[in-house]
Amino acid sequence: MKKNSILIGAGASGGHILPAVSIANILKEKDLHPVIITTRKTLDKKIVGEIDSFQIESASPSVSPLKLLKFLRKTGKGVKQAKKLLTKFEPKVVLGMGGYPSVPLVYAARKKYPILLHESNFVAGRANSFLAKYADVIMTGFPGMTNVPKNKIEVVGNPIRWNTIPARSTEIYKLFGLDENKKTVVIMGGSQGARFVNHAILNLPEILLANSQLQWLIISGKKQFADVDSMVCKKHLKNIFVRDYVDEMDKLYAVTDIAVTRGGAMTASEIETYGIPAVIIPIKNSIYNHQYKNGMYLKSKRDNVIVIDEDDVFEGLGQSIEILMSAEKTPDAKSSHTEALDAIVSIIENLARS
């Protein structure tokens, strides 16, 4: 066991675990010992890297009887595993980053250890809504959250990966095989890609896809890459490029003139900070409609953001892209997200050393 341990529950998606890793790296610099408690998914293991981590059982809740039984069984097992880890590390603080993998850890720690939650979306998800009653502080990515106790809320922003992005340059355009004389439309669906958004783009009128002023980069996600690449080849359009995944997103943001994306919290936070003109297509029927609410919050802050319902995509997407062709980037150096990492670490450190 190491002293000054901080246990962090995160996983299931890059939107939960990437911020957890950023927080953990700063905690290590503060002579604290972060330990990420995550799921058994390969994505989680890859992203955690050198940070100490343990895997426990967890599952997403569901109204389906069979899936509900699976949730109860796995979560029960995860709570038992979490209790052993709590006994082993005797953490100063337990932090839940949202998502179902944080539930067993935070639930096991209730009433015994100081508990912090971080909610990246505009509305708290099922995990944090359930765990809110056990938390000492609920740190939020956006102001205005209403479905957790207001007296526990502290608005800190979302810990985005880069506070600033590089200036666009010839070298960056070459890195992605792009033409610096054309406007670049980047289609991104989060760490897993978004099949619906990929197909919506490729079903745009060919006159728009072939527009000589535009070039398109689709970040398809690994599972959709072959399908999307095949569709692009069939259309014989040489100004559409497909990548399964991009590591250097800060550089890609630098040359992005228009983003077409889902309404995930971390992407919304990056778009808000970097001021990128964007079309937001929220996942239909997302939990508590959180992606739509993220998008509408972003739209309320930015004139260069358009939110389109999935049902209206095939009529409105092309028009929205054409509108944004004349929009400019409006970066916000004072965005709360640029200070979020320091704010979160400060709260953890103060609680750990109190």
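User: Which residue in β5 is the bridge partner of L95?

Analyst: In this predicted model, the partner of L95 is L116.

User: What makes β4 and β5 a pair of strands?

Analyst: Three bridges join β4 and β5, in the parallel sense. At least two bridges are required for two strands to pair, so three are enough.

User: How many bridges does β5 make with strand β6, and in which sense do they pair?

Analyst: β5 and β6 (residues 137–140) are joined by four bridges in the parallel sense. Against the requirement of at least two, four bridges qualify, and therefore the two strands are called a pair. Here L116 stands opposite V137 in β6.

User: Where do these strands sit in the sheet, and what is its order?

Analyst: The sheet is open, has seven strands with parallel pairing, and its order is β3-β2-β1-β4-β5-β6-β7. β3 (53–55) and β7 (153–155) are at the edges because each has a single partner strand, which leaves one side of each without a neighbour in the sheet. On average, neighbouring strands are turned by 25° against each other, direction ignored.

User: How do you know that β1 is paired with β4?

Analyst: Strand β1 (residues 5–9) and strand β4 (residues 93–96) run parallel and are joined by four bridges. The requirement is at least two, so β1 and β4 pair. Within this pairing, I6 stands opposite V93 in β4.

User: Which strands does helix α3 lie across?

Analyst: Helix α3 (residues 65–89) lies across β1, β2 (33–38), β3 and β4, and runs at about 160° to β1.

User: What makes strand β5 mostly covered?

Analyst: Of the five residues in β5 (residues 115–119), five are buried. Buried stands for under 20% relative accessible area, so each of these five falls below that value. The burial applies to both faces: I115, L117 and E119 are on one side, with L116 and H118 on the other.

User: Which helices connect β5 to β4 and to β6 in β-α-β units?

Analyst: Helix α4 (residues 102–109) forms a right-handed β-α-β unit with β4 and β5. Helix α5 (residues 126–131) forms another right-handed unit with β5 and β6.

User: Why is α4 called mostly covered, and what covers its buried residues?

Analyst: Seven of the eight residues of α4 are buried; those seven count as buried because each is under 20% relative accessible area. They are S102, V103, P104, L105, V106, A108 and A109. Their cover includes β1, β2, α3, β4, β5 and α5. Just after α4, K111 takes a positive phi of about 65°.

User: What makes R110 a charge over the ring of Y107?

Analyst: R110 lies over the face of Y107, at 3.7 Å from the ring centre. The distance limit is within 6 Å, so 3.7 Å meets that part of the rule. Y107 also belongs to one aromatic cluster with F130 and Y134.

User: How many aromatic pairs are there, and why is F54 with F89 called edge-to-face?

Analyst: The count comes to eight aromatic pairs. The ring centres of F54 and F89 are 5.6 Å apart and their planes are at 65°. Centres within 6.5 Å make a pair, and planes over 60 degrees apart make it edge-to-face, so both conditions are met. F54 is in strand β3 and F89 in helix α3, 35 residues apart, and the pair thus links distant parts of the chain.

User: Are F54 and F89 buried or exposed?

Analyst: F54 has 26% relative accessibility, and counts as partly exposed because this lies between 20% and 50%. F89, at 5%, is under 20% and therefore buried.

User: What makes F196 and F314 an edge-to-face pair?

Analyst: Their centres are 6.0 Å apart, with 70° between the planes. These values lie within 6.5 Å and over 60 degrees, so the pair is edge-to-face. F196 is in helix α7 (residues 195–202) and F314 in helix α13 (residues 313–324), 118 residues apart. F196 is partly exposed at 25%, whereas F314 counts as exposed at 55%.

User: How do you know that I281 is buried?

Analyst: I281 has 0% relative accessibility, which is under 20%, so it counts as buried. I281 lies in the loop between β12 (278–280) and α12 (290–301). Not counting residues up to four places away in sequence, I281 touches residues including F196, V260, I308, V313 and L317. The C-alpha atoms of I281 and V313 are separated by 7.8 Å, though the two are 32 residues apart along the chain.

Methods:
Residues are numbered from 1 along each chain as its sequence is written. This is a predicted model: local features need pLDDT of at least 70, side-chain atom pairs count only at pLDDT 80 or more; totals for chains, interfaces and linings use all residues. Side-chain values use heavy atoms; hydrogens and water are left out. Axes are lines fitted to C-alpha atoms, for helices over the stretch in contact, and angles run from 0 to 180 degrees between N-to-C directions. Contact means heavy atoms within 4.5 Å. Rings of Phe, Tyr and Trp (its six-membered ring) pair if their centres lie within 6.5 Å; planes under 30 degrees apart count as stacked, over 60 as edge-to-face and the rest as tilted. Buried means under 20% relative accessible area, exposed over 50%, partly exposed in between (1.4 Å probe, protein chains only). A charge sits over a ring if NZ of Lys or CZ of Arg is within 6 Å of the ring centre and within 35 degrees of the ring normal. A crossover is right-handed if, with the strands pointing away from the viewer, the path from the first strand over the helix to the second runs clockwise.
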